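User: Hey, could you walk me through this protein fold? I'm new to this, so plain words please.

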Amino acid sequence: MSNNIYQSGNLDNPTKALIMIHGRGGTAKDIMGLAEYLNVGDYLLIGPEASQNTWYPNSFIAPISTNQPKLDQALELINQTVELAKEKGIQSENIYFLGFSQGACLTLEYTSRNAQKYGGIVAFTGGLIGEELTRGHYKGDFENTPVFIGTSDPDFHVPVERVQETTKLMRELGAQVEERIYPNMGHTITQEEIRIVNETIFK
């Protein structure tokens with residue numbers, strides 16, 4: 001198991017796990033600190049951490065080849081966190097994902113490439129990865145997994161059009177997506193978004 005994976009929360013006998021994926025320049029500890037505002041008191045919390053605090057070097061809407069091999073390495077690390085949860089006896093339908101910014105993009109990309117029934121998916125400002133979306137990269141059936149995607153219009157890093165494309169594709173894969181686009185919110189996470197995910201996903 002990678003030493004880039006941190007754990008906290010319910011370590012002894014968890015039935016649910018939340019995988020928390022930080023943004024560019026962030027750390028696992030940063031994003032895991034968000035848990036105190038979420039209804040996840042009985043969850044195992046798992047935070048993978050990128051080497052040098054960056055999951056991949058370029059914009060998420062650059063050609064995928066320009067973000068390799070870092071992107072594949074990042075997706076593999078997320079896969080290791082999922083396996084860690086499963087080794088503790090947690091079923092896929094009780095595994096939740098949350099990411100911010102670059103971590104939100106990675107959250108959406110990993111889950112959509114491996115669509116199945118998850119507990120829930122939260123993406124604070126992100127979209128699927130690539131210059132254009134390649135439908136063949138994404139397969140499976142989310143089986144009504146609840147998804148929240150929140151973003152600002154405009155956002156310097158994340159075009160609203162890519163958020164909308166992401167929502168459409170994930171719905172085609174069977175996800176129940178709640179998309180919220182906030183005027184001039186900025187590149188941040190708001191109390192309003194926290195309230196929504198607590199009411200709809202971490203309920």
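Analyst: Let's go through the sheet, one of its strands, some aromatic rings and a few helix contacts. One thing up front: this is a predicted model.

User: Okay, start with the sheet. How many strands, and in what order?

Analyst: The open sheet has seven strands, ordered E1-E3-E2-E4-E5-E6-E7, and the pairing is mixed.

User: Which strands stand at the edges?

Analyst: Those are E1 (5–9) and E7 (176–183). Each has a single partner strand, so one side of each has no neighbour in the sheet. The twist from one strand to the next averages 15°.

User: What does pairing mean in general?

Analyst: Strands of a sheet pair through backbone hydrogen bonds, either parallel or antiparallel.

User: Let's pick E5. Which strands is E5 joined to, E4 and what else?

Analyst: E4 (residues 95–100) is joined to E5 by five bridges, and the two run parallel. E5 is also joined to E6 (residues 146–153), by four bridges, again running parallel.

User: Which residue in E5 does Leu 98 stand opposite?

Analyst: Leu 98 faces Val 122 in E5. Val 122 also stands opposite Phe 148 in E6. Another bridge to E6 has Phe 124 partnered with Gly 150.

User: Is E5 mostly covered or open?

Analyst: Mostly covered: five of the five residues in E5 (residues 120–124) are buried. That goes for both faces, with Gly 120, Val 122 and Phe 124 on one side and Ile 121 and Ala 123 on the other.

User: What do E4, H3 and E5 make together?

Analyst: With helix H3 (residues 102–113), the two strands make a right-handed β-α-β unit.

User: And what lies across E5, E6 and E7?

Analyst: That's H5, which runs at about 165° to E7.

User: New topic: rings. How many aromatic pairs are there?

Analyst: A search of the whole structure turns up seven. One of them is Tyr 96 with Phe 202: the ring centres are 5.7 Å apart and the planes sit at 40°, so the pair is tilted.

User: Where do those two sit in the chain?

Analyst: In distant parts of the chain: Tyr 96 is in strand E4, while Phe 202 is in the segment after helix H5 (191–200), 106 residues apart.

User: Are they buried or exposed?

Analyst: Tyr 96 counts as buried, at 6% relative accessibility. Phe 202 is buried too, at 1%.

User: Got another pair for me?

Analyst: Sure. The rings of Phe 97 and Tyr 110 have centres 5.9 Å apart and planes at 35°, so that pair is tilted. Phe 97 is in strand E4 and Tyr 110 is in helix H3, so the pair ties together parts that are 13 residues apart in sequence.

User: Why does Phe 97 count as buried?

Analyst: Because its relative accessibility is 0%, and buried means under 20%. Tyr 110 is buried as well, with a relative accessible area of 5%.

User: Which aromatic cluster is Phe 97 part of?

Analyst: Phe 97 and Tyr 110 form one aromatic cluster with Tyr 118 and Phe 142.

User: Back to helices. How do H2 and H3 pack?

Analyst: H2 (residues 70–87) and H3 pack at an angle of about 70°, with their axes 10 Å apart. That angle makes H2 roughly perpendicular to H3.

User: Which residues meet there?

Analyst: On the H2 side they include Leu 71, Leu 75, Ile 78 and Val 82. On the H3 side, they are Leu 106, Glu 109, Tyr 110 and Arg 113.

User: What about Thr 81, buried or exposed?

Analyst: Thr 81, which is in helix H2, counts as buried at 0% relative accessibility. Leaving aside neighbours within four places in sequence, Thr 81 is in contact with Ile 5, Ile 19, Ile 46 and Pro 48.

User: Last one: what does Gln 102 touch?

Analyst: Not counting residues up to four places away in sequence, Gln 102 touches His 22, Gly 23, Arg 24, Thr 54, Trp 55 and Tyr 56. Gln 102 is found in helix H3 and is buried, at 5% relative accessibility.

User: And how far is Gln 102 from Ile 196?

Analyst: Their C-alpha atoms are separated by 21 Å, and the two residues are 94 residues apart along the chain.

Terms used. Residues are numbered from 1 along each chain as its sequence is written. This is a predicted model: local features need pLDDT of at least 70, side-chain atom pairs count only at pLDDT 80 or more; totals for chains, interfaces and linings use all residues. Side-chain values use heavy atoms; hydrogens and water are left out. Buried means under 20% relative accessible area, exposed over 50%, partly exposed in between (1.4 Å probe, protein chains only). Two strands pair if DSSP finds at least two bridges between them. A crossover is right-handed if, with the strands pointing away from the viewer, the path from the first strand over the helix to the second runs clockwise. Rings of Phe, Tyr and Trp (its six-membered ring) pair if their centres lie within 6.5 Å; planes under 30 degrees apart count as stacked, over 60 as edge-to-face and the rest as tilted. Axes are lines fitted to C-alpha atoms, for helices over the stretch in contact, and angles run from 0 to 180 degrees between N-to-C directions. Angles under 35 degrees count as roughly parallel, over 145 as roughly antiparallel, 65 to 115 as roughly perpendicular and the rest as oblique. Contact means heavy atoms within 4.5 Å.
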